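Student: I would like a close look at a single part of this model, taken slowly and with its surroundings kept in view. Could you walk me through one element and then place it within the chain?

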Amino acid sequence: MKEHLGKLLTIKSLVTLGATAIFAVLSVRGRLSAQEFLTVYTVIVSFYFGTQFEKSGGNKA
């Protein structure tokens with residue numbers, strides 16, 4: 001359990017979660033359109049999971 005929590009609290013994960021929260025709040029408050037939110041969120045999540053995939057060795061086939 002502590003190992004999973006430690007992995008969650010890496011800088012990359014914190015930045016991803018923080019940016020997601022900020023853009024979600026901006027979207028809910030109407031300061032960011034749904035399209036802008038979707039674009040930014042897609043980039044953030046793609047970067048996060050892309051680096052996780054690369055870190056794990058990528059496609060070994």
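Tutor: Helix H2 has 18 residues, and from its first C-alpha to its last it reaches 26 Å, which is close to the 26 Å expected at 1.5 Å a residue. Since this is a predicted model, the confidence values belong beside the geometry: among the elements of the chain, H2 has the highest mean pLDDT, 82, whereas helix H1 (residues 2-8) has the lowest, 71. Where pLDDT is low, the predicted coordinates should not be read in detail. For the chain, the mean pLDDT is 77, and 87% of the residues reach 70 or more.

Turning to the sides of the helix, the buried residues in H2 include Ser13, Thr16, Ala19 and Thr20. These residues lie on the same side of H2, because they cover an arc of only 135 degrees around the axis. On the face of H2 that is turned away from this buried side, one finds the exposed residues Ile11, Val15 and Ile22.

Two of those exposed residues come up again at the surface, for Ile11 and Val15, together with Leu9 and Leu14, make a nonpolar surface patch of about 400 Å². Leucine 14 is itself found in helix H2, which spans residues 11-28. With a relative accessible area of 41%, leucine 14 counts as partly exposed, because that value falls between the cut-offs of 20% for buried and 50% for exposed.

Further along, leucine 26 also lies in helix H2, and this residue too is partly exposed, with a relative accessible area of 28%. Leucine 26 can be related to a position outside the helix: phenylalanine 37 is 11 residues away from leucine 26 in sequence, and the two are 8.5 Å apart in space, C-alpha to C-alpha. Just after H2, glycine 30 takes a positive phi of about 85 degrees.

To place the helix in its chain, the secondary structure comes to 3 helices and 0 strands, and from the N terminus on the elements run α-α-α. Of the 61 residues of the chain, 11% count as buried. The accessible surface of the chain comes to about 5100 Å², and 68% of that surface belongs to carbon and sulfur atoms.

Notes
Residues are numbered from 1 along each chain as its sequence is written. This is a predicted model: local features need pLDDT of at least 70, side-chain atom pairs count only at pLDDT 80 or more; totals for chains, interfaces and linings use all residues. Side-chain values use heavy atoms; hydrogens and water are left out. Patches are made of residues with over 30% relative accessible area and no salt bridge: like charges are joined within 9 Å, nonpolar side chains (Val, Leu, Ile, Met, Phe, Trp, Tyr) within 5 Å. Accessible areas come from the Shrake-Rupley method with a 1.4 Å probe; for residues, only the protein chains shown count as cover. A salt bridge is a side-chain nitrogen of Lys or Arg within 4 Å of a carboxyl oxygen of Asp or Glu. Helices (H or I, at least four residues) and strands (E, at least two) are DSSP runs, numbered from the N terminus. Buried means under 20% relative accessible area, exposed over 50%, partly exposed in between (1.4 Å probe, protein chains only). pLDDT is the predictor's confidence in each residue, from 0 to 100. The expected span of a helix is 1.5 Å times one less than its number of residues. The arc is that of the directions from the helix axis to the C-beta atoms.
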